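Colleague: I would like a close look at one part of this model, taken slowly. Please start with any term I will need.

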Amino acid sequence: MGGYSVNYQQLQRLVHDAGLQQSSAELHGRMLGMMCVDQGRCRGILDQLLCDEAQRIRQATALRAAAESLYRETWEALDGAGLGFSLLLPEEGEHVERCRALIEWSRGFLRGLAIVGVDGGHDLELNGRHALADIARVARCDPHNISSDDEEYEEACEFVWIAAVLVRE
């Protein structure tokens with residue numbers, strides 16, 4: 001699930017140290033949701049993501065630098081076919097925590113879309129609306145009720161990834 005210069009655990013530590021109330025998965029999901037729709041406002045997206053905690057963020061230069069790198073790398077992966085991006089999720093750890101991160105990523109993605117004006121997917125093509133509904137179903141899951149089979153977890157991650165690609169199209 002990698003390909004970024006910062007991994008889930010590194011960004012999570014920075015997010016926690018800055019006192020933010022979101023996970024690194026949610027932050028990345030929101031970032032990607034905004035990028036999928038509003039590609040013209042690239043530089044303002046990061047500020048929008050972090051605006052609730054602007055004073056703290058200005059002081060947390062390591063988090064800001066990591067978030068800017070993640071933003072740039074995610075944008076570069078999306079630019080073109082969009083098939084090079086990956087979900088920023090923990091690569092190892094307890095199953096419930098990994099599932100929780102996938103759910104938080106999905107919630108962040110939906111929030112990112114809402115920030116740029118996509119609420120309910122009415123402006124999306126049919127495939128995008130179905131994909132958005134699929135991501136919303138994942139966002140409503142209970143991490144304790146997701147199968148503990150690693151293969152099923154990987155399939156769920158791939159499912160969300162495909163849905164995000166369809167929303168972007």
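Modeller: A crossing of two helices is called right-handed if the near helix is turned clockwise from the far one by less than a right angle, and left-handed if anticlockwise. In this predicted model, helix H2 passes helix H6 in a right-handed crossing. The two pack at an angle of about 35 degrees, and their axes are 6 Å apart. On the H2 side the contact includes Ala25, Gly29, Leu32, Gly33 and Cys36; on the H6 side, Ala101, Trp105, Gly108, Phe109 and Gly112 are among the residues involved. Sorted by class, this contact has 10 nonpolar, 5 polar and 4 charged residues.

Helix H1, residues 8-17, joins the same region: its buried residues pack against H2 (24-37) and H6 (95-115), and also against helix H5 (61-78). Those buried residues are Tyr8, Leu11 and Val15. Viewed down the H1 axis they fall within an arc of 75 degrees, so they line one face of the helix. The general reason is that an α-helix has 3.6 residues a turn, so residues three or four places apart point the same way. Arg13, His16 and Asp17 are exposed, on the face of H1 turned away from the buried side.

The ends of H1 can be described too. At the N-terminal end Asn7 acts as a cap, with a side-chain oxygen 3.0 Å from the backbone nitrogen of Gln9. Just after the helix, Gly19 has a positive phi of about 80 degrees.

Note on methods: Residues are numbered from 1 along each chain as its sequence is written. This is a predicted model: local features need pLDDT of at least 70, side-chain atom pairs count only at pLDDT 80 or more; totals for chains, interfaces and linings use all residues. Side-chain values use heavy atoms; hydrogens and water are left out. Buried means under 20% relative accessible area, exposed over 50%, partly exposed in between (1.4 Å probe, protein chains only). Helices (H or I, at least four residues) and strands (E, at least two) are DSSP runs, numbered from the N terminus. The arc is that of the directions from the helix axis to the C-beta atoms. Contact means heavy atoms within 4.5 Å. A polar contact is a pair of N or O atoms within 3.5 Å; within protein, one must be able to donate a hydrogen and the other to accept it, and residues adjacent in sequence count only if both atoms are side-chain atoms. Axes are lines fitted to C-alpha atoms, for helices over the stretch in contact, and angles run from 0 to 180 degrees between N-to-C directions. Ala, Val, Leu, Ile, Met, Phe, Trp, Tyr, Cys and Pro count as nonpolar, Asp, Glu, Lys and Arg as charged, and the others, Gly among them, as polar.
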